[in-house]
Structures are given as structure tokens and as C-alpha cells.
Protein chains: 2
Amino acid sequence: MGSSAKEEARIADALCKAVLERKLAPGSKLPEEELAQIFRSNRAKIRRVLLLLSRSHIVTLEPGRGAFVSRPSPQEARDVLASRRLIEVSLLAHPYRKLSAQGAARLRQIMSHEAQAHAAHDAIAMIYLSGQFHLTLIEELGNKVLKSITGELILRMSLIITMYERQNTTCCLSSDHHDLLELLLAHDYAEASALMARHLEGIESCLDFQREPATTTILSQILQPLKD
Amino acid sequence: MGSSAKEEARIADALCKAVLERKLAPGSKLPEEELAQIFRSNRAKIRRVLLLLSRSHIVTLEPGRGAFVSRPSPQEARDVLASRRLIEVSLLAHPYRKLSAQGAARLRQIMSHEAQAHAAHDAIAMIYLSGQFHLTLIEELGNKVLKSITGELILRMSLIITMYERQNTTCCLSSDHHDLLELLLAHDYAEASALMARHLEGIESCLDFQREPATTTILSQILQPLKD
DNA sequence: TCAACCATTATTGTTTACAATATCAAGGCC
DNA sequence: GGCCTTGATATTGTAAACAATAATGGTTGA
């Protein structure tokens, strides 16, 4: 049976989720045998997953030393941020298609979940949902290719934020998402694009590339519960 | 010695080059053992390369059946084209930095090679150099992340063109590249962006998504000489 | 003659054991 | 006492054998 690729996707998704939720700190060692036990898999599959993740710049493979959660350099961080800004801002300014009623509904549903997470002070859920909002927006106004590209950039941004975030900052303003949707429904794409630019710049302004980030290497034991 | 990753990169590059040069037709079977012999490698390495290429959408892995050169659907083709257009057109309109003298020199060198290839009627070299021109432009005005993203899109476009190109069309107008550089040197980014849009639309207008493309499965023997 | 079935062959997928390398700790040397 | 060397241990990397699956071709029967 061809469940092999499925299982590897499951493992990769779990690792990506852990990165998104800031549970896996950049620099963390990812030992093959330990991962195989956690996910009740074997080294061969883990190895393939790590190889794939390395191509997404989520994991860095050091020959002979093993796999580590990537530590994007300040330059790489700036490039990732700028690239994401280019894609999202430009797409809003010149969307491939209008926002459909169905698309608006999808966005509204995510926003309601965001509100719930906000009320519950669930920071992890808010991070995840914010990403989902952006990805859904891109899929609705653009296409799946742009969505997949941006999905990778968002993943890398998660590492970047973990490494370079200033203390005491609340990064993602979910209120922006609400305003964004209003502007799109009013077909004011120019203003929506400008808001998106400010939105992303707001995130970037919370970063400080000066201080070399701490080498917080979280024990892989932390990600024990995500084996489902 | 850590030459393993190097060797795999060499094999992957060779395959990508074959795709760029339209030597490997979409749909071609890529048998592991045969590739291992061609590149004087072993199945394990070939397997890793194919896995990686599958992530770049260059190769499609069918469980139990093996690896094939991808055959992008019309929808995927449209999405890839639109994504590339978004990135390149937007970047020219709002470049991250001005074109440096060094950057202009790099572009001019590529253009001179293009002229040589044109004079020699070397269609393959022209395709490759056209891609290099675009990638260099993106690196000079943008950054390496955008360059790598666009590099993958260009690779996919190569498959798309092979599949859907109309008869009797000369796709890439190298004269556009010359005009583009002139506009950039004159700091007329708005016009440069518009020209880029027309340039890419010109390529797209040579495509016909109606006719189902032939299943031209070239023998892997064809790529024998690229084992260096 | 054509189609369906079965055996054969070839190719892919997985597991295992082994080899190479890096890490770590202890001991000796300066 | 600090630093380098050296051996033990753990982890990664590789190869090869094996199992599973799909393609092939030939045979049989209608």
C-alpha cells in the first residue's frame, strides 16, 4: 500500500506545525533515531522527511553532524520578509480575480476563529490562524502556486520571528484582517494593498536583527504530544 | 568526505539542465537504475535526487510506478505563468535597490552571449541565457530568495512551453532584454515594468492549452552526454 | 482474431547490517 | 591548571539483500 508518502507527509506536517507554533527553536538538533521513536516510524522515513524539509529551508543538514532546525541569517530574514511583502502587496493591488462570496465566507470563518483564540489568549492558535488567513486570501485572489510559495515563506518567517523578535511585542494585529476584508468587499484594492503593506511592515518593525539570538535548543521531548 | 551532497547536486543540476534545454520531454520515465548508470552513481543517490526534484514539481513520483518528468496541467501552467509575471513585473515596478554598475555589467555580458547564441542559431543556449538574464535581473534588483523562487518557476515554465507551445513560434525576444536594460539605466522603472509585462505576455501568447500535448517520451539515452 | 488470464520479468520500495564520522570523556603532557 | 591527545560511544551515512508491486509476454479459450 502507498501509505508511505502519507505517513511522511504527516511527520513533515507535525514538524512544520511545531515550527509555526514556536515549539521547535531554531538551532535545535533533530536526531533521526529520536524522531523515529516519537513518530513511531523508522530512520529511513525520517531521513526522507528531513531531506525534504531542508529543501524548504526549514531544516539545515550538516554533513556528518545531522539535522538542525534552520537559523536564518539576518540577510536571509530580510530577503524572506521582502519577498513575502512583494507577493502579498502586489497581489492585492492587482488580484487575478475578485473576491467571491464563498471566499469572503472562508475568510470570515477564519476571522471568527481568530477572535475566539484572541478571547482565549491562545497565542499559538492566533499565530496559526493568522497564517491561514493570509494563505486563504492568496488562494482566493491569486492561485495555488502563489499560495504554496507564500506558505513556505510564512514557515520561514516563523523561524525568523522566533529568532529576532523583540521582547514585549504583539506581532499580528488581527484587527487588520478585519479591515482588509472590508476593503476587499468594497473593491478598494489600492487601499487594501496599502493596508497589507503596513500590516507586514508592522510585523517587521517588531524584529531586531542586531542582537545575536540565543541558541535556545529545546529538547525534542517537547514535541512528544504532536505525534498524532 | 562530504562529496555526497555535491554529487547529488550535480545530478539534479544535470537533470534540470536537460529539462531547461527541452531534452527531457514531460512524461518521460526516469528509471532509477538507468539514471544510476548514466551518472555513474547508485540507486540511493538517484532516489534522493528524484525525491528532491519532485518537491520542485519537476518530477512526479507515482507510487509503485516510479519517477516521471512532470506534465503540468493547463491550470497549473496558468498559475505558474501568472505567479512569475506577478513577481517580475512587481519587482521592476518597485525594485529593492537601483541597478548597480556591476549589475548592469553582468546583464550586458549575458546579453552579449545571447547575441552570440542568436548568431549561431543555438536555440538551446538562447533559452538558457534568457533564463539567466531574468534571474540575474531579479538578484540585482531584488534578492536571492526571489531569485530562487523564480528559478523554480522558470524550470516549470520550461516544461509548460515544451508541452503547450504552438508550432512555428519564436518565444523569447532577446531584443526586449536590451530595451529593458536601457529603461533600467534611465531609471524608468514604470516603463521597464510595463515592458516586462508585455515580454512575459508575449511568451504566454505562444501557448495553446487546448490541444492535449503529445506524450513524447524521449529515451533517457538522449541525456547520456550530460553526465559531466 | 481478439480478449482475458496467468506466469515471468523487471522495477520499485523497505529493511537490515555495516562503515564512517563526529562527539564526549578521561588521561597524559606541557 | 589548562590544553592537547586518545580511546570509547553514539549518531549519521552507505551499501546490499530482500520483499512487494507493476509491466510484459505468451498461452488458452471463446
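Let us start inside chain A, at a single residue: leaving aside residues up to four places away in sequence, A:T136 touches A:R106, A:L107 and A:I110. This is a predicted model, and A:T136 is a good place to enter it. The residue sits in helix α6, which covers residues 123–141 of chain A. Is A:T136 buried or exposed? With a relative accessibility of 4%, A:T136 counts as buried, because the limit for that word is under 20% relative accessible area. Its side chain also reaches back to the backbone oxygen of A:Q132, at 2.7 Å.

Now step back and look at the chain as a whole. Chain A contains 9 helices and 3 strands. If you walk along from the N terminus, the elements come in the order α-β-α-α-β-β-α-α-α-α-α-α. Of its 228 residues, 49% count as buried. How much of the contact in chain A comes from residues 24 or more positions apart? Among contacts with a separation of 6 or more, such pairs account for 76%.

One example of a link between separate parts of the sequence involves A:E114, which belongs to helix α5 (residues 101–119) of chain A. A:E114 and A:S130 are 16 residues apart in sequence, and their C-alpha atoms are 7.4 Å apart in space. A:E114 is itself buried, having a relative accessible area of 5%.

Chain B offers a similar kind of view. In helix α3 of chain B, residues 43–55, you will find B:L50. B:L50 is buried, with a relative accessible area of 2%. Its neighbours, not counting residues up to four places away in sequence, are B:L30, B:E32, B:L35, B:V59, B:L61 and B:A67. B:G66 lies 16 residues from B:L50 along the chain, and 9.6 Å separates their C-alpha atoms.

What about the nonpolar interior? In soluble globular proteins, nonpolar side chains tend to be buried together. Here the largest nonpolar core has 82 residues, and A:L137 and B:L137 are the ones that touch the most other members. Taking B:L137 and again leaving out residues up to four places away in sequence, the residues touched are B:L92, B:L107, B:G142, B:L180, B:L184 and B:M196.

Next, compare the two chains. Two copies of a chain are related by a rotation about an axis and a shift along it. Which turn and shift lay chain A on chain B? A turn of 180 degrees with a shift of 0.0 Å along the axis does so, with an RMSD of 0.0 Å. That is the relation of a two-fold axis. Of the interface residues of chain A, 100% are also interface residues in chain B, so the copies meet through the same surface.

The loops of chain A deserve a visit too. Between α1 (3–20) and β1 (29–30) lies A:E21, which counts as buried at 13% relative accessibility. The side chain of A:E21 makes a polar contact with that of A:K23, at 3.1 Å. The loop between α1 and β1 also holds A:R22. A:R22 is partly exposed, with a relative accessible area of 24%, and has a positive phi of about 65 degrees although it is not a glycine. Further along, the loop between α2 (32–38) and α3 (43–55) contains A:R40. Phi of A:R40 is also positive, near 50 degrees, in a residue other than glycine. A:R40 is exposed, with a relative accessible area of 66%.

Finally, turn to the DNA. Which residues are the closest of the 15 that surround DNA strand D? They are A:R43, A:R47, B:S4, B:N42 and B:R65, a list that draws on chains A and B. The residues of the surface near the strand divide into 3 nonpolar, 5 polar and 7 charged. Of the strand D atoms within 4 Å of the protein, 74% belong to sugar or phosphate, and the rest to bases.

Several approaches to phosphate oxygens of strand D can be picked out. A polar side-chain atom of B:R65 lies 2.2 Å from one, while a polar side-chain atom of B:S4 lies 3.4 Å from a phosphate oxygen. For A:G64, a backbone N or O atom lies 3.2 Å from a phosphate oxygen of the strand.

Technical notes:
Residues numbered from 1 in each chain as written. Chains lettered and ligands numbered in written order. Predicted model: local features only at pLDDT ≥ 70, side-chain atom pairs only at ≥ 80, totals over all residues. Heavy atoms only, no water. Helix = DSSP H or I, 4+ residues; strand = E, 2+ residues; numbered from the N terminus. Buried < 20%, exposed > 50% of the residue type's maximum accessible area, 1.4 Å probe, protein only. Near = heavy atom within 4 Å. Polar contact = N/O pair within 3.5 Å; in protein donor to acceptor, adjacent residues only side chain to side chain. Nonpolar A, V, L, I, M, F, W, Y, C, P; charged D, E, K, R; others polar. Least-squares fit on C-alpha atoms with pLDDT ≥ 70 in both. Contact = heavy atoms within 4.5 Å. Core = buried A, V, L, I, M, F, W, Y, C linked by side-chain atoms within 4.5 Å.
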